[in-house]
Amino acid sequence: MLYFAGLRSKKILIFTFIFTNFNTKNMHINLSSDDLAFRDDVRSFFEENKIKAGEDYFSWRLGWFEKAREKGGWDVPKWPEKFGGPGWTPTQHYIWEQETAKANIPFDLPFGLGMLAPILMNYGNEEQQKRFMPDIRDRKVNWCQGYSEPGAGSDLANLKTKAVLSEDGKHYIVNGSKIWTTLAHVADWIFCLTRTDDSGIKQQGITFLLFPMKQEGIEVKPIITLGGSHTVNTVHFTDVKVPVENMIGEEGKGWTYAKGLLEHERTGLAGLSKSLVELEQLKDNARSVQRGNGNLMDDSSYKSKVGELEIDLLATEFTELRSLASAAAGGEPGPESSILKLKGTEIKQRIAKLTVEASGIYSSAWGDKSAGPAFAKGGTAGYLNSRYFTIYGGASEVQKDIVAKKVLGLTKGSSK
Amino acid sequence: MNFELSEEQKMIQQSVERFVQENYDLTNRVKISSEDPGYSKEYWGSMADLGWLGLAFDEEDGGFGGNQIDTLVLMEQFGKGLVLEPFLANIVLGGGIIKRAASPAIKESIIPSLMEGKLQITLAYAEEQSRFDIEDVATAAREEDGGFIINGKKSMVLNAESADKIIVVTRTSGSQVDENGISLFIVDASSEGVEKQNFPTVDGLRASEITFEDVKVSSEALVGEKDKGFKILQAVVNDAILALSAEAVGAMEVLYKDTVEYTQQREQFDHALSDFQVLQHRMVDMFMEYEQCKSLLFRATLETVEDPDLAQRTVHALKHLIGKSGIFVGESAVQLHGGMGVTEELRIGHFFKRLLVIDSQFGNADFHLDKFTNL
Ligand SMILES: Cc1cc2nc3c(=O)[nH]c(=O)nc-3n(C[C@H](O)[C@H](O)[C@H](O)COP(=O)(O)OP(=O)(O)OC[C@H]3O[C@@H](n4cnc5c(N)ncnc54)[C@H](O)[C@@H]3O)c2cc1C
């Protein structure tokens, strides 16, 4: 039987489950007293370490992570205990997600912490782990992800950036182009997929290299996206020298390493806790739009759309929890996890679209100095940017292809 | 039944098409949009010289006596290049009010210079609280010393930055949302008490917030009858909906065709993207939406030409479909272009933004669905 206990905080549905016996008749959701204590601990940590008026953002940020570290690995929640992580239960992870979505905590980038670090842990040698992980953890080094190329988007294995071993065997010489490299213009290092051999199938002969961005032979050019911002770039390599010690794992095996990471990236992209918070914000915004004696949330078609969105979110949240639960039980993430990215990104897009609709005539105003309510100002740019959620980290069509093949066993899918 | 354009209309269509092809590549558009005044004075002059600005004015006012079909022909082609020149604000909105309701004296002082592109005009109707309800008017005009004093604030006024004259929708009697009691005034943009705050819009055009503080006008500034402005406003808004819908149809055509072309060229997994059935079907959907919008555009336009009152419901239907389909086609074009779709470098993103803005003007898809089902 399913039952809820003390689940509705003021605005956000907070719940968790006991992950044991999930598949038995004892299935239930509530917070144990330990979990409640943990939640309070998290909340008071966030409260105590809020940025103070006039405090410098960047020094506050570094200080925040330091204090989180002293809590016992709270600065690297997803890292395993062996590498300094907190060793939380899935319930605790879930609580953390919920609380961070609501709290004002310092920004963090996924590239080093969430993308490269797991690869280093699994495939890097001890020396590489020692060399790179502390700086990632201290947020000292910014990483960027050099996978996609003009000819290798959905078909990532088609990548052509060449890495050739020097005659003395000490370096790879890298030549080629990457595209869509997020924050390459501020990155210190790149983790990069290169081709060392093209004699076999595409997935073979790919080599995983790490190298600094600020060096001769690397040229970064901005790509401006629809929201008017510069986050992505093209990156060109001309005879970039990369010491062989910067290769992860074995030469030619990079695809295997990267693919594991991609799966990781995809579930991370669902962002459901954030969406729950944004949904409440959306409702508040709509309520601030007066219509007659009421407000936009009284408008039947608008209200229905918000309702449908919330229903999808309720279901997707449990899909995520089921997936976490099966992972916690030691199994592979179940088939349900394959739809998380699809659903999660679609939900984010619908929230953004409904924000545009709530803005009414002001949705077309552009820039800070324009007109309309505060939520409308960034709303349209947010919507335009939301369009890429279904493109990056595995475009939706390709994701469905994977589900069709791997989950439903329909072998005639077109992508690999 | 005849859906053929006249020989004259076909000629105009071709000449607009050529104009857009020659002058409106993306680089040029971005350049024009980013520099003041946000459109090309040279192009505006050419449009006047080619007679496009006078098409929809009556012959007795010096125009060519055209109707909404002529405007459709122009706007559909404008939509294919995302033309920036202020045709909608000057000719459809401002000019539309003048030709319908102004005194002979005002007509004479305005229409000829409008058609020559020498005078600019716009319509200020929306307000902070009004959202899409055009009858929701708080800006007040109070009678005093034989004239009127206007106080209030107007929102998202198109082309106000360049306008010499502003037609202001005001309340002279009744409650804030009554259709009765709305009056239209023509005000010099340089009048004392008129304050503009200009800014760009998402689609690279310009709009303004305008405050009117004790702005004095004479009784001659009243356009049409006092308190009876709503009908005129509604007719002009309907024309604007037809015009914008025609522009949207032009924009959708570009989007679906660009997508078909791009997916045939781009290869992934050793196939052209266009080989993948799921993408084929999506493009068929885009194409269907475009064709359906075009059909409803023809229907609403022809019905309006015949009997504007009877056409009202179809106009609501049209704006609903244009809003919904425009965004579907835009989102789909972006999706099928992958990363390229979200960049400013390809034109599809710009067309998508224009369609998004069109949905937010003169009532969005939800608003018109509601009107349609309740009429
Ligand atoms: C904002 C943003 C940030 C990014 N950041 C990074 C980054 O930091 N590092 C990095 O390496 N990459 C990054 N990317 C790249 C991203 O991973 C790619 O955009 C993505 O893999 C899609 O590739 P593509 O853009 O080449 O689209 P394409 O692969 O050309 O796809 C175009 C369309 O075709 C569809 N399609 C493709 N193949 C099939 C098929 N077999 N069947 C059906 N449909 C198909 C796709 O779903 C899509 O709709 C980023 C992209 C964006 C937009």
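**Strands, helices and backbone angles in chains A and B**

Student: How many bridges join β1(B) to strand β4 of chain B, and do the two run parallel or antiparallel?

Tutor: There are 4 bridges between β1(B) and β4(B), residues 165-171, and the two strands run parallel. Strands pair here if DSSP finds at least two bridges between them. Helices (H or I, at least four residues) and strands (E, at least two) are DSSP runs, numbered from the N terminus.

Student: What sort of model is this?

Tutor: This is a predicted model, in which local features need pLDDT of at least 70 and side-chain atom pairs count only at pLDDT 80 or more, while totals for chains, interfaces and linings use all residues. Residues are numbered from 1 along each chain as its sequence is written, chains are lettered from A and ligands numbered from 1 in the order in which they are written, and side-chain values use heavy atoms, with hydrogens and water left out.

Student: Back to β1(B). Which residue of β4(B) stands opposite B:Ile121?

Tutor: B:Lys165 of β4(B) stands opposite B:Ile121.

Student: And which way do the residues of β1(B) point?

Tutor: In β1(B), residues 121-124, B:Ile121 and B:Leu123 point one way. B:Thr122 and B:Ala124 point the other way, and all of these residues are buried. Buried means under 20% relative accessible area, exposed over 50%, and partly exposed in between (1.4 Å probe, protein chains only).

Student: Take B:Val169. Where is that one?

Tutor: B:Val169 sits in strand β4 of chain B. B:Val169 counts as buried because its relative accessibility is 0%.

Student: What does B:Val169 touch?

Tutor: With residues up to four places away in sequence left out, B:Val169 touches B:Leu123 and B:Ala124 of β1(B). Its other contacts include B:Tyr125, B:Glu127, B:Val137, B:Thr139 and B:Lys154. B:Ile182, B:Ser183, B:Leu184 and B:Leu233 are also among them. Contact means heavy atoms within 4.5 Å.

Student: How far is the C-alpha atom of B:Val169 from that of B:Ser183?

Tutor: Those two C-alpha atoms are separated by 6.0 Å, with the residues 14 apart along the chain.

Student: Change of topic: B:Gln9. Buried or exposed?

Tutor: B:Gln9 counts as buried, because its relative accessibility is 12%. Its place is in helix α1 of chain B, residues 7-23.

Student: What does the side chain of B:Gln9 reach?

Tutor: The side chain of B:Gln9 reaches the backbone nitrogen of B:Ser6 at 2.9 Å. The same side chain makes a polar contact with the side chain of B:Asp70 at 3.4 Å. A polar contact is a pair of N or O atoms within 3.5 Å; within protein, one must be able to donate a hydrogen and the other to accept it, and residues adjacent in sequence count only if both atoms are side-chain atoms.

Student: Which residues is B:Gln9 in contact with, leaving aside neighbours within four places in sequence?

Tutor: B:Asp70 again, together with B:Ile69 and B:Val73.

Student: Anything odd in the backbone? Which residues does a cis peptide bond join?

Tutor: B:Asp36 and B:Pro37 are joined by a cis peptide bond, with omega about 0°. B:Pro37 lies in the loop between α2 (26-34) and α3 (41-49) of chain B.

Student: What about phi of B:Arg131?

Tutor: Phi of B:Arg131 is near 50°, which is positive in a residue other than glycine. B:Arg131 is in the loop between β1 and β2 (140-144) of chain B. B:Arg131 counts as buried because its relative accessibility is 12%.

Student: And A:Asp239, what is its phi?

Tutor: Phi of A:Asp239 is near 50°, also a positive value in a residue other than glycine. A:Asp239 is in strand β7 of chain A, residues 230-243.

Student: Since we're on chain A, how many helices and strands does it have?

Tutor: Chain A has 11 helices and 9 strands. Of its 416 residues, 50% count as buried. Of the contacts in chain A with a separation of 6 or more, 68% are between residues 24 or more positions apart.

Student: One more residue. Where does A:Ala258 lie?

Tutor: A:Ala258 lies in helix α6 of chain A, residues 254-268. With a relative accessible area of 1%, A:Ala258 is buried. Outside its neighbours within four places in sequence, A:Ala258 is in contact with A:Ile119, A:Tyr147 and A:Leu193.

Student: How far apart are the C-alpha atoms of A:Ala258 and A:Phe208?

Tutor: They are separated by 8.1 Å, and the two residues are 50 apart along the chain.
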